[in-house]
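Thank you all for making time this morning. I would like to walk you through one structure, and I will take it slowly for those who have not seen it before.

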Amino acid sequence: CTSAASSSGGGDDDDGPPQPHSRHYLASLNQLSMLYIKAQQYKSARETMLECFELDGVENPITPIRCHLMRLYVNNNKFQSAKQLYEKVGTKDKSVWIRYSSVLVEYKNWVRKQDDADLKSTLDRMAILAIKANIFCAFYLTFHEDFSQVMEYTDEVEDAPDDEPLMEAIEYCSGEQIDNWNDIKGARDYLKTILLGGIQSTPDTELTNSDVDWNSTLKTYEKIAEQEKEMDESAEDNDDALDKTMFIGMFRTAMEMLEDSRKLNEPFTFIPPKNPAKEKEEKEKEEKSPAKSKEETSDDSDAESS
């Protein structure tokens with residue numbers, strides 16, 4: 001995640017550090033935090049990120065620090081800190097790191113208290129926002145096994161800007177985030193239910209056809225990518241430029257495979273996992289019940305003998 005505002009003049013508000021030095025300082029803080037991450041000095045990384053985040057702000061940020069901070073929180077199971085972060089960032093931010101992390105955090109909160117209607121409402125709202133913000137990530141994450149058969153060279157996608165939805169989705173879904181989703185039982189199945197509800201136009205869905213229209217969105221992105229490719233080919237220094245059209249082609253192939261397999265039209269029922277606390281309680285009861293039965297049997301035998 002890198003901010004589109006970094007190249008469009010964003011981040012120059014009156015409350016920030018003096019210009020023009022602020023941009024260099026923020027960039028230095030961002031780079032320093034990444035060095036701390038590589039050195040596994042997470043406390044120092046967090047402190048540096050928070051300083052950068054407070055200076056950068058949430059309106060037209062010029063660094064990707066909010067995404068890096070969210071990634072740090074989720075990877076280290078700091079879900080309460082992650083929740084505070086995306087609440088501060090707000091719902092207008094379309095970065096996959098913000099939007100899809102919010103779904104994962106809210107899902108984990110709801111699983112513990114499935115009878116809480118407010119938690120479920122918040123979870124559904126976060127899921128809808130995430131799908132609307134980046135439809136590519138929704139498909140890739142939900143049908144990850146299918147996409148993994150097609151997508152190649154995904155490790156080459158790094159620090160994708162938040163105005164590059166497909167590249168951001170590839171980076172998010174091909175990294176460690178898929179492990180975070182798989183570690184929380186039922187999280188991907190829940191997202192699948194919301195996504196398929198929009199595709200199949202179920203009565204209770206809040207998603208419209210345009211929200212889940214991956215093809216039109218991809219075609220629009222493809223036109224921009226082709227124009228950029230032509231410009232890169234005419235430039236002298238273009239060896240490091242990613243061929244986005246290649247990734248677009250692979251994504252389209254994966255989607256066509258999904259459509260041909262009819263997986264997008266199959267009915268799907270999401271069965272929520274048991275509340276971990278209740279599951280533990282039930283297990284303890286089951287472990288105690290045989291002992292209780294044995295005692296009762298012994299009492300009955302003694303009574304008969306007498």
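**Salt bridges, helices and two neighbours**

Let me begin with a single pair of residues, Arg-252 and Glu-222, whose side chains meet in a salt bridge with a distance of 3.0 Å from N to O. This pair links distant parts of the chain, since Arg-252 is in helix α13 while Glu-222 is in helix α12, which covers residues 214-234, and the two are 30 residues apart. Arg-252 counts as buried, because its relative accessibility is 18%, and the cut-off for buried is under 20%.

Before I go on, I should say that what you are looking at is a predicted model. The protein chain has 306 residues, and 40% of them are buried. Its secondary structure comes to 14 helices and 0 strands, so that, reading along the sequence, you meet α after α from one end of the pattern to the other. If we take the contacts in the chain with a separation of 6 or more, 71% of them are between residues 24 or more positions apart. The accessible surface comes to about 17400 Å², and 46% of that belongs to carbon and sulfur atoms.

Returning to the salt bridges, how many does a search of the whole structure find? The search finds 14, and two of them bring us to helix α8. In one, Glu-145 pairs with Arg-188, and the closest N and O atoms are 2.8 Å apart. Because Glu-145 lies in helix α8 and Arg-188 in helix α11, residues 187-199, this pair ties together parts that are 43 residues apart in sequence. The two partners are not equally covered, as Glu-145 is partly exposed at 47% relative accessibility, whereas Arg-188 is buried at 12%.

In the other, the side chains of Asp-146 and Lys-263 meet at 2.7 Å, again from N to O. Here Asp-146 lies in helix α8 and Lys-263 in the loop between α13 (244-261) and α14 (276-305), so the parts tied together are 117 residues apart in sequence. Asp-146 is buried, with a relative accessible area of 17%, and Lys-263 counts as partly exposed at 31%. There is also a network of salt bridges, which links Arg-66, Asp-93 and Asp-162.

Now let us turn to helix α3, which runs over residues 65-75 and holds Leu-69. Is Leu-69 buried or exposed? With a relative accessible area of 0%, Leu-69 is buried. Leaving aside neighbours within four places in sequence, Leu-69 is in contact with Met-49, Leu-50 and Leu-85. Of these, Leu-50 is 19 residues away in sequence, and the C-alpha atoms of Leu-69 and Leu-50 are 7.7 Å apart in space.

His-68 also has its place in helix α3, and this residue is buried, with a relative accessible area of 10%. Not counting residues up to four places away in sequence, His-68 touches Cys-1, Asn-30, Met-34, Met-49 and Asp-159.

That last partner, Asp-159, takes us out to the surface, where Asp-155, Glu-156, Glu-158 and Asp-159 gather in a patch of negative charge. Within this patch, Glu-158 lies in the loop between α8 (144-148) and α9 (165-174). Glu-158 counts as exposed because its relative accessibility is 59%, and the cut-off for exposed is over 50%.

Definitions and conventions: Residues numbered from 1 in each chain as written. Predicted model: local features only at pLDDT ≥ 70, side-chain atom pairs only at ≥ 80, totals over all residues. Heavy atoms only, no water. Helix = DSSP H or I, 4+ residues; strand = E, 2+ residues; numbered from the N terminus. Buried < 20%, exposed > 50% of the residue type's maximum accessible area, 1.4 Å probe, protein only. Contact = heavy atoms within 4.5 Å. Areas by Shrake-Rupley, 256 points an atom, 1.4 Å probe, with all protein chains shown as cover. Patch = residues over 30% accessible without salt bridge, like charges linked within 9 Å, V, L, I, M, F, W, Y side chains within 5 Å. Salt bridge = Lys/Arg side-chain N within 4 Å of Asp/Glu carboxyl O. Lys, Arg positive; Asp, Glu negative; His and termini not counted. Charge placed at Lys NZ, Arg CZ, Asp CG, Glu CD.
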